[in-house]
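Morning, everyone. Let me put the model up and walk through one strand and two serines.

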Amino acid sequence: MEISKPLLVFFSLVFFNLSFSWAALDPTYQSLLQCLSELIPSPNVSAVIVSNNNPSFASILESRIHNARFNRTSTLKPTIIITPSDESHVSAAVICSQKVGFQLKIRSGGHDYEALSYTSDKPFFLLDMYNLRDVSVDIPDESAWVQTGATLGELYYHIWEKSNVHGFPAGVCPTVGVGGHIGGAGLKYGLTTDYVIDAKIVDVNGKILDRKAMGEDLFWAIRGAGGTNFGVVTAYKIKLVKVPEKVTVFRVERFLDNNGTEVAFKWVKVTVMGLYLGDINGLLTLLNKDFPELRLNKENCTEMPWIDSVLWWANFDLGTPPNVLLDRNNTDTKFVKRKSDYVQTPIPRDGLESLWQKMVQNEKVGLTCNSYGGKMDEIDPKESAFPHRKGNLYKIQYSINWDDPSIEADIKYTTQAKAVHEFMTQFVSKNPRRAYLNYRDIDIGSVKTWSYEEGKVYGESYFTENFDRLVDVKTAVDPNNFFRNEQSIPPRSTKTA
């Protein structure tokens, strides 16, 4: 029995040395390590890079994958994951990835529906922003600096720590990364990009630039077109918004009644959810005047502090402590597909009834509509890269989730989503048919050579009249197209790094 102890230690040491030797013998790893060591003044530079032979590789990669469709054994994984904990590490990663000759993809929260931030059909490095997650809130200035590896939940929590009468207009899912969400113009209580007042970006030369240094053209572009087209955004400075001590949320569910339509339509349920910055009486007065069809009453409404409304939207039980927003664990990854549309003219009643029929035929597809208007209508479409302003009544998200990992299920359910999206062609925006960047959809188009013509196919859907200006910014700041993905903004030239 005593002999077994040193034998166990011996075998574990052999395994460790074997794992270490794989990295030591990998020329790509060694080249990157050497380059980073020359730029990062730290004896622990090896802790910043994780090779695909490292025992921690799979857990780091998979912990921020929120679409199981892109976590199959057949999915090409990054050769190395770079995990910066300082802006200087990001700068070094950009310089060294080019020197070693690898494409660099950038991931914040990992909610990218098409996984363009962490998959590729060619060998690549993944720059995972997970450790760059500082949130610095300045209540007297009513602003905050937030690093792009932070989650929305962390941002909301740290605002609440400092004030119960301040908030920020962003999405409802706490684990969404700040980088992708703000860069693509996140929307729920308002538009994130309209509250960005400064930013820091690492450009293709590895320089760290703030708003003044990057110039207004680049600052314009990273507010709505995704920062990873032009560099690596490491932090945003955001303007906080005042909220009352009590806000009101409401949820109303209605099944469609007969009214001459088929009984099958009774399976379709409409849920209306909302947030009002005020008390229940103010909400009821407003909606019973402007939206009497909703038949809203006090039983549908709940008053609460703003931070509790964040938890309510994320489907936490009332009374859940706010520190749950700090949980970044990914525990329920499903297979998903998302598509989007913009509606600019009201859909007639018979059109809605035909839509219910289509949804019954494609039973797993859900539609989520986010209303537009208000302040968004008052902002010029060219003020930031996000163009979907006046003239849009609401945005539609087509969503479908499933658990079956088979390819047959993938085909079945993505086909359902496409069928409903195709049916809606007659009712939505045209020339171009608009789409929302943060609901990334590869069906719109993708690039092989990064030509202007290829990029225009999806670029005009996402950015409409702003696409050409984005191409000009791209050409100026990244002419060799180092920062790229399958739906990125192309430079005027087709040359790629």
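A term before we start: buried means under 20% relative accessible area, exposed means over 50%, and partly exposed lies in between. Keep in mind that this is a predicted model.

Start with strand β17, residues 394-402. How many of its nine residues are buried? Seven, so by that cut-off the strand is mostly covered.

Now its partners. Strand β15, residues 335-343, runs antiparallel to β17, and nine bridges join the two. To find the register, look for Asp341: opposite it in β17 stands Ile396. Strand β16, residues 366-371, also pairs with β17. That pairing is antiparallel too, with six bridges. Here the pair to look for is Asn370 and its bridge partner in β17, Lys395.

On to the serines. Where is Ser117 found? In the loop between β3, 103-107, and β4, 124-128. Buried or exposed? Ser117 counts as buried, because its relative accessibility is 13%. Leaving out residues up to four places away in sequence, Ser117 touches Lys105, Ile106, Arg107, Asp112 and Leu126.

Next, Ser136. This one is found in strand β5, residues 135-138. Its relative accessibility is 40%, so Ser136 counts as partly exposed. With the same sequence neighbours left out, up to four places away, Ser136 touches Ser143, Ala144 and Trp145.

One distance to finish. Take Ser136 and Pro321, which are 185 residues apart along the chain. What separates their C-alpha atoms? A distance of 21 Å.

Methods
Residues numbered from 1 in each chain as written. Predicted model: local features only at pLDDT ≥ 70, side-chain atom pairs only at ≥ 80, totals over all residues. Heavy atoms only, no water. Buried < 20%, exposed > 50% of the residue type's maximum accessible area, 1.4 Å probe, protein only. Helix = DSSP H or I, 4+ residues; strand = E, 2+ residues; numbered from the N terminus. Pairing = 2+ DSSP bridges. Contact = heavy atoms within 4.5 Å.
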